[in-house]
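Me: I am new to this structure and would like to be guided through it by questions and answers. Please begin with any term that I shall need.

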Amino acid sequence: AWACAAARMVAQNTRADDSAQAFNEQVSMWVYEEEVNGKKLTEVINETHENTKYLPGVDLGPNILAVPSLEEAVKDADCIIFCAPHQFLHHICKLLEGKTKKGAIALSLTKGMRVRKDGPQLIS
């Protein structure tokens, strides 16, 4: 739900009055592919503009494109926003090595805490 809410805000802002044409209106959102009522979750989101599993009843916007491929979702992105659970972030970053646009920036909205022998460590 956290990632969908963040994607919704990004989508709303890219559709807002942009006289400078600073933003590409389409927002690609990587979605872990799973089935919901016999359909792929990416298909459900792209057809209904709603993530019926994790954020039901909330319109994500017509300019959200749910993509099952991480590489495809980031390939032309100027800004990559991470909202994945902290325990998956290291692996996701490893998968993206060398596959992002030169000069792309990253923003982390990841939340959580990792507990180690020497004490808790904030992720954000």
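Reply: Helices and strands are runs assigned by DSSP, with at least four residues for a helix and at least two for a strand, and they are numbered from the N terminus. The model discussed here is predicted.

Me: What pattern do the helices and strands of the protein chain follow along the sequence?

Reply: The protein chain contains 4 helices and 8 strands. Read along the sequence, these elements follow the pattern α-β-β-β-α-β-α-β-α-β-β-β.

Me: What are the spans of the C-alpha trace, and what percentage of the residues is buried?

Reply: Along its principal axes, the C-alpha trace spans about 50 × 40 × 25 Å. The protein chain exposes about 8,500 Å², of which carbon and sulfur atoms supply 53%. Of the 124 residues in the protein chain, the buried share is 29%.

Me: Among contacts with a separation of 6 or more, what percentage joins residues 24 or more positions apart?

Reply: A contact requires heavy atoms within 4.5 Å. Among the contacts in the protein chain with a separation of 6 or more, the share from residues 24 or more positions apart is 55%.

Me: Which element gives the most to the lining of the largest pocket?

Reply: The largest pocket holds about 1,600 Å³ of space. At least two lining residues come from each of α1 (2-15), β1 (27-30), β4 (64-67), α3 (70-74), β5 (79-82) and α4 (86-96). The element that gives the most, with 8 residues, is α1.

Me: How do the lining residues divide by character, and which of them lie nearest the centre of the largest pocket?

Reply: The lining divides into 32 nonpolar, 8 polar and 6 charged residues. It is made up of 46 residues, and those nearest the centre of the pocket are A7, S28, M29, W30 and I81.

Me: Why is there no bond between the sulfurs of C4 and C83, and how many disulfides does the structure hold?

Reply: A disulfide requires two cysteine sulfur atoms within 2.5 Å. The closest cysteine sulfur to that of C4 is in C83, but the separation of 9.1 Å is too far for a bond. From the side of C83, the closest cysteine sulfur is likewise that of C4, at 9.1 Å. The number of disulfides in the structure is 0.

Me: Are C4 and C83 buried or exposed?

Reply: The cut-off for a buried residue is a relative accessible area under 20%. C4 has a value of 5%, while C83 has 18%. Because both values fall under the cut-off, C4 and C83 are classed as buried.

Me: Where does T14 lie, and which residues beyond its neighbours within four places in sequence does it contact?

Reply: T14 is placed in helix α1, and its relative accessibility of 9% makes it buried. Its C-alpha is 6.7 Å from that of N24, although the two residues are 10 apart in sequence. Leaving aside neighbours within four places in sequence, the contacts of T14 are F23, N24, E25, V27 and N63.

Me: Where is E50, and how far is its C-alpha from that of I92?

Reply: E50 belongs to the loop between α2 (41-48) and β4, and it is partly exposed, with a relative accessible area of 22%. Beyond its neighbours within four places in sequence, E50 contacts V44, I45, L55, P56, G57, V58 and L60. E50 and I92 are 42 residues apart in sequence, and their C-alpha atoms are separated by 24 Å.

Notes
Residues numbered from 1 in each chain as written. Predicted model: local features only at pLDDT ≥ 70, side-chain atom pairs only at ≥ 80, totals over all residues. Heavy atoms only, no water. Buried < 20%, exposed > 50% of the residue type's maximum accessible area, 1.4 Å probe, protein only. 1 Å grid on protein atoms, 1.4 Å probe; cavity = no way out; pocket = protein on both sides within 12 Å on 5 of 7 lines; lining within 4 Å. Points joined across faces, edges and corners; volume = space filled by probe spheres on them. Nonpolar A, V, L, I, M, F, W, Y, C, P; charged D, E, K, R; others polar. Areas by Shrake-Rupley, 256 points an atom, 1.4 Å probe, with all protein chains shown as cover.
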